[in-house]
Amino acid sequence: MSTETPYPLVFEPLDLGFTTLKNRILMGSMHTGLEEDSTEGFDRLAKYYAERASGGVGMIMTGGFAPNLEGGSGKVGGDSLTNAEGVERHRQITTAVKEADPDCKMCFQILHTGSIAGHENLVAPSPVRSRINRFTPRALTGEEIEQTIEDFARCAGLAREAGYDGVEVIGSAGYLISAFLLTKTNKRSDEWGGSYENRMRLPVEIIRRIRQRIGDDCILIYRIAAMEMLEEGSSWEEVVQLAQAIEQAGATIISTHFTWHEARVPTIATRVPRAAFTRVTGRLRKELSIPVITSNRINMPEVAEKVLADGHADIVSMGRPMLADPDLANKAREGRTDEINTCIACNQACLDQLFQGRQISCLVNPRAGYETRLNYLPTDAPKKVAVVGAGPAGLAFTCVAAQRGHQVTLFEADAEIGGHFNLAKRIPGKEEFNETLRYYTRQIELLGVDLKLNHRVSSEELKGGDWDEVVIASGIVPRKPPIAGIDHPKVINYREAILGTKPVGKRVAIIGAGGIGYDVAELITHNGTSASLDVDVFAREWGLDFENHPRGGVAGVVPKVEKSDREVFLLQRKSSRFGSTLGLTTGWAHTISLMHKEVHMLAGVTYEKIDDEGLHITVDGKPRLLEVDTIIICAGQESLSDVYEDLKSADEAAQGTANLHLIGGAELAAEIDAKRAIAQGCRLAAEI
Ligand code: FAD
Ligand code: NAP
Ligand code: SF4
């Protein structure tokens with residue numbers, strides 16, 4: 001056991017018999033969107049993975065690649081591995097990773113999407129359409145099932161040839177293999193359907209055949225659906241039976257996966273407690289003699305250490321945390337935990353972008369996926385830079401510029417850094433946002449930034465300074481919509497509501513159902529412990545039973561939410577679906593959460609006036625009075641750019657604006673979020 005690190009269990013090597021993992025951290029599988037790019041996708045993937053290998057991780061898993069055309073995008077290309085040409089492409093990845101760190105194990109995931117495939121030629125055990133797909137699959141014939149097993153084995157063999165140290169077969173989430181396991185999706189009456197033994201034959205055969213193909217000295221991981229979070233999911237006895245059969249068939253490691261994509265329980269969003277599901281892995285671990293991997297919301301080394309100490313797993317998978325900080329493992333090993341740029345589980349730049357058909361990146365680290373394009377190189381001409389505003393845009397700019405060698409002074413009007421993030425971090429379920437502010441606080445110290453808090457800088461003061469560059473990141477202020485009676489004492493804005501500087505009554509109307517309107521509704525209806533901080537509260541709110549493990553972990557369990565004694569109306573002018581402007585992969589959980597709390601959601605609203613009686617609105621042409629005692633305005637923001645405007649006009653008078661920059665919400669308030677603010681700050685700092 002290593003003694004030099006604060007995380008001895010994380011950094012204890014794991015002997016697999018024929019090879020050894022140098023530590024217990026796996027960078028879990030994530031599709032990046034570069035896989036399909038036939039021009040430079042693999043060059044970029046090679047650099048992306050190599051940086052993570054240099055960052056000290058023990059094992060890396062690629063995103064999923066299909067073993068045949070039906071299992072992937074349906075097109076010949078990078079997202080499947082079926083031939084020698086593919087082997088050459090993949091050799092770029094394995095070579096780059098081995099050059100970066102010969103001890104890092106680079107593994108390849110085989111993913112057959114089955115009935116979730118995004119093309120029309122999709123296959124499944126039976127013609128049952130997935131709730132999240134518009135296409136209905138065709139049932140595989142017995143002969144085609146045999147061919148599919150052969151395709152998996154061929155794919156694994158090719159991965160080995162390409163230099164991978166191991167392969168993982170994904171048997172969960174609603175993809176092909178997992179669809180064979182459940183009676184809901186497997187209606188067959190041949191030897192692949194009916195009894196559980198028949199339904200689990202496919203994964204067991206695939207593992208057996210792959211092991212024969214790749215030999216005994218190659219890592220073989222099976223990703224099992226440990227809890228589908230569907231009423232018709234597997235019983236616990238079935239999960240154990242399958243895991244033991246997979247072990248017998250030749251797997252080196254079993255990795256647990258939670259949920260099917262079509263389930264309606266959040267499993268990776270920021271509202272999910274850290275390490276929420278590892279106890280399920282721990283229970284399965286007791287039934288097996290091979291190592292197990294656990295995952296989901298393990299974002300910091302102390303969380304990983306505790307999971308290992310609790311005996312819940314032998315290896316922890318950290319996927320998104322490696323997007324946020326490729327050097328996480330090295331920093332952890334060296335005890336530099338406070339320097340880790342933590343994944344806040346927002347999904348905004350990773351999964352949300354992927355589901356929009358875009359390449360992934362990371363909100364807190366816009367270099368993720370852009371390692372060949374966005375680099376923060378040391379400057380050979382250090383400049384004296386003034387930054388106005390320590391919100392996400394100003395902080396991101398400051399730290400990258402200082403890291404490059406520029407001399408930065410950061411002015412912030414408030415007593416603390418963070419800007420609007422200081423409001424976000426107060427929302428139950430958004431506690432992780434504190435980590436981003438901790439990261440920036442530490443970077444400011446380490447990089448010697450001259451931080452001036454409680455200092456509202458004026459254009460006059462800046463004009464008197466001897467600055468080479470001036471960056472205005474003064475952000476946004478809440479919009480005050482022109483509604484009759486808007487100055488009535490019962491009207492407050494989101495800032496006042498969140499900070500508690502003005503009281504919020506028992507009957508409340510929220511004007512605006514964007515991200516902030518939702519967050520304010522969550523805050524003011526909240527009772528007791530935040531579900532994101534307590535696994536048991538979370539399990540109760542989402543109807544999970546970790547003790548008795550009913551089918552899928554949820555069958556027959558009724559969600560129980562602590563109700564608020566406030567009556568809240570959340571209003572929007574649009575007649576569209578509530579939550580449609582929120583994150584693709586998280587918005588639905590926000591909406592369900594507010595529905596559990598009985599928040600009234602009214603769409604298609606016209607605001608008429610506010611008076612002593614309350615808020616007068618029209619809905620569907622009918623007048624209505626909401627007799628509320630507080631009205632909270634969450635109607636977007638406007639840019640705060642007065643300092644910039646003054647400097648610009650003074651500069652223009654002096655005929656020079658080249659060194660004056662405007663970024664973040666101060667530049668454009670519409671749809672400003674931290675993703676854009678941070679990316680803009682980093683990109684500008686890389687250029688000056
Ligand atoms: P700001 O955050 O407004 O920062 C500007 C800073 O400049 C402030 O600190 C201000 O005090 C300072 N300043 C202004 N003028 C001066 C001056 N003259 N001198 C010195 N200092 C000055 N975004 C997401 O991406 N995801 C989320 O989940 C999310 N959740 C949110 C939840 C809530 C409740 C709120 C309120 C916001 C949320 N946001 C979220 C939005 C995000 O916080 C903002 O988009 C982001 O903070 C904008 O960054 P910015 O740096 O441009 O501006
Ligand atoms: P927003 O998402 O633009 O929502 C503001 C809402 O107010 C709009 O949906 C709009 O809905 C309403 N509105 C706008 N102008 C109005 C007016 N004049 N009168 C009455 N209503 C008006 O902005 P936000 O909620 O302030 O959030 C700001 C940014 O932070 C957004 O970009 C958001 O993405 C980000 N954020 C993200 C999250 C997240 O979880 N990812 C959470 C919080 C914030 P109608 O026009 O339909 O009424
Ligand atoms: Fe984590 Fe958000 Fe970055 Fe995705 S975008 S890796 S969830 S911080």
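Which residues surround ligand 3? In this predicted model, the ligand is ringed by Arg-320, Leu-323, Cys-343, Ile-344, Ala-345, Cys-346, Asn-347, Ala-349, Cys-350, Cys-362 and Leu-363. Sorted by character, that shell comes out as nine nonpolar residues, one polar and one charged. As for where the ligand sits, the space it takes up is the second largest cavity.

Stepping back to the whole protein chain, the assignment splits it into three pieces: domain 1 (14-354), domain 2 (384-477 + 639-687) and domain 3 (480-527 + 563-635). The centres of domain 1 and domain 2, taken over C-alpha atoms, are 40 Å apart. These two domains do meet, with 17 residues of domain 1 in contact with 13 residues of domain 2.

Then there is the packing inside. Nonpolar side chains tend to be buried together in soluble globular proteins. Here, the largest nonpolar core contains 155 residues, and Ile-210 and Phe-397 have the most contacts within it. Domain 1 and domain 2 both supply residues to this core, so it lies between them. Leaving aside residues up to four places away in sequence, Phe-397 touches Val-385, Val-387, Val-471, Ile-663, Gly-681, Cys-682, Leu-684, Ala-685 and Ile-688. Separate from all this is a second core, made up of 22 residues, among them Tyr-518, Val-568, Leu-570 and Leu-582.

Key. Residues numbered from 1 in each chain as written. Chains lettered and ligands numbered in written order. Predicted model: local features only at pLDDT ≥ 70, side-chain atom pairs only at ≥ 80, totals over all residues. Heavy atoms only, no water. Near = heavy atom within 4 Å. 1 Å grid on protein atoms, 1.4 Å probe; cavity = no way out; pocket = protein on both sides within 12 Å on 5 of 7 lines; lining within 4 Å. Sits in = over half its atoms within 2 Å of the grid points. Nonpolar A, V, L, I, M, F, W, Y, C, P; charged D, E, K, R; others polar. Core = buried A, V, L, I, M, F, W, Y, C linked by side-chain atoms within 4.5 Å. Buried < 20%, exposed > 50% of the residue type's maximum accessible area, 1.4 Å probe, protein only. Domains from an automatic or database assignment. Contact = heavy atoms within 4.5 Å.
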